[in-house]
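Here's a quick tour of one chain, going from the overall fold to a few backbone oddities. Keep the model open while you read.

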Amino acid sequence: MITWLDTSFEMQFRVIDGLTVRFAVSEDHGDHDALLLSPWPESLLAFEPMWWQLAGHTRLVAIDLPGFGHSQRRDTLLSPRAMGEFIIAAVDAFGLEHPHLIGPGTGTAAALFAAARHPGRLRSLVVGSSAAAVPLQLGGILKDWVDAPALDKFRRADPRQLVAAALSGISRYALPDFVRDDYLRAYQGDRMAESMRYLRSYPAELPVLSGLLPQIETPVQIIAGARDPTVPPVNAEFLRRRLPHSRLDIIDAGHFTWEDAAAEYAALVTSWWCGGYAACGPNTRPADLRSEHPCTPPTATCT
């Protein structure tokens, strides 16, 4: 049992599609459910700074995706297309009917594949801070990791140093000791190096996803950091121009928007859940793909 922002809950494990997956569930609030996907190289504890804000609006189910956090790995799932299918398996396993989905970072491409290949299964998506553009637009250590000719040098490296290098991009938020320790323990042994297979699939996977984006009818909220050196905002803008029912917010933060700008991130998400997604949805006038002005959610708050 962990006390998280004055809320006690149990970190649990269950088997989904033959893999042992770690998850946490909030109390039941509101009429909808939301599935939260762990970003890399972190875990579901990445949602710690905004958990209470989100949990006040809907029931949250947060999971460590296979090979990330503390969930069991299957090498065949380490690509966005395959992980998209696992997301749908997780939705079914938890009995989530038409849930919202939050998939920052590595969850973005998988969430978009899931929405493209399973129309109507997801109520809305919140994505961003992820590679999306074709050709690939990355910088910093992320580019180095994707472009490396092989994984050998990463297998020989200290995984704690690799994780710490990635986490150095968190500039405003002071990671609690128990959260940092959770991240570091999650990628011990070969887990950090092997999880890089997911990112290294981007050059092959993203062109396929790009062709599917205009077909996605699910409303999508895109959130990106204006000062992200590893995944520049051009990736978010690429998605905005191609997704017919989408909204883009670029906020004053680096890569880890969900931690460094947690209050603003949570406010965008709850506004989206309170009606923004409906304003962007396929039952309303589709967003003009040529416009740089995203659709605007209503100002009323939900109760």
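## Overall build

Among the chain's contacts (heavy atoms within 4.5 Å) between residues at least 6 apart in sequence, 78% join residues at least 24 apart. A word on the source: this is a predicted model, where local features need pLDDT of at least 70 and side-chain atom pairs count only at pLDDT 80 or more, while totals for chains, interfaces and linings use all residues. Numbering runs from 1 along each chain as its sequence is written, and side-chain values use heavy atoms, with hydrogens and water left out.

The secondary structure adds up to twelve helices and ten strands; these are DSSP runs numbered from the N terminus, with helices being H or I of at least four residues and strands E of at least two. Of the 303 residues, 58% count as buried, meaning under 20% relative accessible area, against over 50% for exposed and in between for partly exposed (1.4 Å probe, protein chains only). The accessible surface of the chain is about 12,100 Å², and carbon and sulfur atoms own 50% of it; that area comes from the Shrake-Rupley method with a 1.4 Å probe.

## Two helix pairs

Start with helix 3 (residues 107–117) and helix 9 (residues 202–212), whose axes come within 10 Å and cross at roughly 45°. That makes helix 3 oblique to helix 9. Axes here are lines fitted to C-alpha atoms, for helices over the stretch in contact, with angles from 0 to 180 degrees between N-to-C directions. Under 35 degrees counts as roughly parallel, over 145 as roughly antiparallel, 65 to 115 as roughly perpendicular, and the rest as oblique.

Helix 3 passes helix 9 in a left-handed crossing, the near helix being turned anticlockwise from the far one by less than a right angle (clockwise would be right-handed). On the helix 3 side the contact uses Ala109, Leu112, Phe113, Ala116 and Arg117, which meet Glu205, Leu206, Val208, Leu209 and Leu212 in helix 9. Sorted by class, this contact of helix 3 with helix 9 has eight nonpolar, no polar and two charged residues. In this scheme Ala, Val, Leu, Ile, Met, Phe, Trp, Tyr, Cys and Pro are nonpolar, Asp, Glu, Lys and Arg are charged, and the others, Gly among them, are polar.

Now for the other pair. The axes of helix 6 (residues 159–167) and helix 7 (residues 177–186) come within 9 Å and cross at roughly 130°. Helix 6 and helix 7 are therefore oblique to each other, and helix 6 passes helix 7 in a right-handed crossing. Arg160, Val163, Ala164 and Leu167 of helix 6 make the contact with Arg180, Tyr183 and Leu184 of helix 7. By class, the contact of helix 6 with helix 7 has five nonpolar, no polar and two charged residues.

## Backbone oddities

Where do the cis peptide bonds sit?

| Cis bond | Omega | Place of the proline |
|---|---|---|
| tryptophan 40 to proline 41 | near 0° | loop between strand 5 (33–37) and helix 1 (51–55) |
| valine 134 to proline 135 | about 0° | loop between strand 8 (124–128) and helix 4 (140–147) |

Then there's positive phi outside glycine. Aspartate 17 has a phi of about 55° and is found in the loop between strand 3 (12–16) and strand 4 (19–25). Aspartate 17 is partly exposed, at 46% relative accessible area.

Histidine 98, also not a glycine, has a positive phi near 55°. The loop between helix 2 (80–93) and strand 7 (100–104) holds histidine 98, which counts as partly exposed at 30% relative accessibility.
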